[in-house]
Amino acid sequence: SSAQPSCAHQPTQSLDRGRPSSMAQAVEGLVSDLKMLAAYETAADWREQKAMDGAFAAISWDDAAVKAALPEYLAATGAERAKVDYAFNAMVPRPPQHIDGRQAAMHTWIKARLFSYNQAFPFEFNPYKK
């Protein structure tokens, strides 16, 4: 019998003020949260409250790196915030709907995650720069 993979976010080992210690951990955490956002939005489309609650609860709310980055992201302005918002909007092109407010919280949480990643592994969006 094969076990089904869990969609719940697994805490990552971290270094440097709670930031992920590797790019692989960063990708894993981001993909996990993006899956839960997609699950939440799909459940909302079908008015499946229990599935919405499950997806919301499965976001990485206990991730110390994101908790630390959240106030930094909210206070950020200029190029660093613009890079994070650009990256997020490339992955999640629709703005939050007026479902119940939790979707907007999930968007902000994922942006804070990206902000912490940009600090640990600076984003480079210029394809011509070497």
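Axes here are lines fitted to C-alpha atoms, for helices over the stretch in contact, with angles between N-to-C directions running from 0 to 180 degrees. With that in hand, welcome to three close-ups of a predicted model.

**View 1. Helices α4 and α5 meet at an oblique angle.** Helix α4 covers residues 78–91 and helix α5 residues 102–120; their axes come within 9 Å and cross at roughly 125°. Angles of 65 to 115 degrees count as roughly perpendicular and those over 145 as roughly antiparallel, so this pair is oblique. The crossing of α4 past α5 is right-handed. On the α4 side, the contact is made by Glu-80, Lys-83, Val-84, Asp-85, Ala-87, Phe-88 and Met-91. Facing them from α5 are His-107, Ile-110, Lys-111, Leu-114, Phe-115 and Asn-118. Sorted by character, the contact residues comprise seven nonpolar, four charged and two polar.

**View 2. Tyr-40 is a buried residue of helix α1.** This helix spans residues 23–45. Tyr-40 has a relative accessible area of 0%, and under 20% counts as buried. Do look for Gly-54 as well: 14 residues from Tyr-40 along the chain, its C-alpha atom is separated from that of Tyr-40 by 8.1 Å.

**View 3. Confidence varies along the chain.** The mean pLDDT of the chain is 84, with 81% of residues reaching 70 or more. Among the elements, helix α2 (residues 49–57) has the highest mean, 97, and strand β1 (residues 14–15) the lowest, 38. Residues 1–17 have pLDDT below 50, and this stretch has 23 contacts in the model beyond near neighbours in sequence. Where pLDDT is low, predicted coordinates should not be read in detail.

Definitions and conventions:
Residues numbered from 1 in each chain as written. Predicted model: local features only at pLDDT ≥ 70, side-chain atom pairs only at ≥ 80, totals over all residues. Heavy atoms only, no water. Helix = DSSP H or I, 4+ residues; strand = E, 2+ residues; numbered from the N terminus. Parallel < 35°, antiparallel > 145°, perpendicular 65-115°, else oblique. Left-handed = near helix turned anticlockwise from the far one by under 90°. Contact = heavy atoms within 4.5 Å. Nonpolar A, V, L, I, M, F, W, Y, C, P; charged D, E, K, R; others polar. pLDDT = per-residue confidence, 0-100. Buried < 20%, exposed > 50% of the residue type's maximum accessible area, 1.4 Å probe, protein only.
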